[in-house]
Amino acid sequence: MQDKMIEKLEEIYKRYCGLSEKLSDPAVISDTAEWTKTAKDAAELSETAQKYEEYTKTVKQLDDAREAAKTETDGEMRALLQEEIEDCTKRREEILGELRILLLPKDKNDDRNCIVEIRGGAGGEEAALFAYELYRMYLNYCEHHRLKVELVDVNETELGGIKEVVFNVFGKDAYKQLKFESGVHRVQRVPETESQGRVHTSTATVAVLPEAEDVEVEIREEDIRLDVYRSSGAGGQKVNKTETAIRITHFPTGIVVTCQDERSQLKNKDKAFKVLRSRLYDYYQSQNRSAYDEHRKSLVGRGDRSERIRTYNFPQGRVTDHRIGLSLYSLDTFIMGDIEGMIEALAVAERERLLAGED
């Protein structure tokens, strides 16, 4: 297994060196498109290639120390060489572990922008209020990590909750950072309207989709219906006098997308098509309707109380992710966007799962 890994690393290193040389070729430099593609390919290999170079230098240092120790007669010098051998051996194994992780298959969508959809599930108004809190949690997280958020559509309730919200997230590795948030989120707490102090359980669903590029999804004009209407909001908020809201219905799949956040019909149309492309990308990746329905179910479930990827228990101040069995007793800061620790733990668990599959 290790020999095959080293062979693969050598191939990557040679390819990286070739691409690096190509970047200084005058013919490539003069061709902007070719240079950009070459630079992108080199960048994708650079971390692995540089780590492999560190590995080869460590192996050489280890071999030299071992060779020197064979003929060294001075006791103090032999002790120093033995210490160097132990240090190099340890470092070599550490680098091999890092290289194995770097060779894991990459999610091709990780570096994309993404679209996040949050909907209130079981629990009525309490579920809608919880959906709003999740929305605020992700807004705070994105702001802290310099990810730009652009609202697409929101359906508010009279009491300040949301039945549904859809928003775009732009920035480095946006999808990679948020992809593990898809699923049913469950909250356990005493609602403000509960007079007897009983704990209620409500849910909200979250779906995170990678943003699709125009070239990946073809939307034929005859396959869609475009409706224009006046936007509306809870309690008369954000109500426009003109018809600027957009609804797009895609007949072949039955997917419907609405956008009414902008006061410009054109901007709403652009946003709606962006969401439609991402949903269609997700749909066609699944090949057929039944697979798509199953995939969407795996992403967000049905919103039942029994389904959950994570529970937010307010009486105990605890948030638990059931996929990895991790509980954090910092719910007050977690719900305000301090979710880095959970995201990192989920990423580590996914990496370990992939590594186990490699064995």
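Me: Buried means under 20% relative accessible area, exposed over 50%, and partly exposed in between (1.4 Å probe, protein chains only); what, then, makes R220 count as buried, exposed or partly exposed?

Reply: This is a predicted model, in which local features need pLDDT of at least 70 and side-chain atom pairs count only at pLDDT 80 or more, while totals for chains, interfaces and linings use all residues. Residues are numbered from 1 along each chain as its sequence is written, and side-chain values use heavy atoms, with hydrogens and water left out. R220 has a relative accessible area of 39%, which falls between the two cut-offs, so R220 is called partly exposed.

Me: How do you know that E222 and R220 meet in a salt bridge?

Reply: The term asks for a side-chain nitrogen of Lys or Arg within 4 Å of a carboxyl oxygen of Asp or Glu. The N to O distance between R220 and E222 is 3.6 Å, so the pair qualifies. E222 itself, at 55% relative accessibility, counts as exposed.

Me: What makes R310 and D321 a salt bridge, and which parts does the pair tie together?

Reply: Their side chains stand at 3.2 Å, N to O, so the criterion is met. R310 belongs to strand β9 (residues 310–313) and D321 to strand β10 (residues 318–321), so the pair ties together parts that are 11 residues apart in sequence; strands, like helices, are DSSP runs numbered from the N terminus (E, at least two residues, for strands; H or I, at least four, for helices).

Me: Why are R310 and D321 given the burial class that they have?

Reply: R310 has a relative accessible area of 0%, and D321 likewise has 0%, so both are classed as buried.

Me: Which residues are linked with E98 and R91 in a network of salt bridges, and how exposed are E98 and R91?

Reply: The side chains of E98 and R91 meet at 3.7 Å, N to O, in a salt bridge, and the network links K51, E54, R91, E94 and E98. With 30% relative accessibility E98 is partly exposed, and R91, at 25%, is partly exposed too. Across the whole structure, the search finds 27 salt bridges.

Me: How do you know what span to expect for helix α5?

Reply: The expected span is 1.5 Å times one less than the number of residues. Helix α5 (residues 124–144) has 21 residues, for which 30 Å is expected, and its reach of 31 Å from first C-alpha to last is close to that. Its buried residues include E126, F130, E133 and Y141, and just after α5, R146 takes a positive phi of about 55°.
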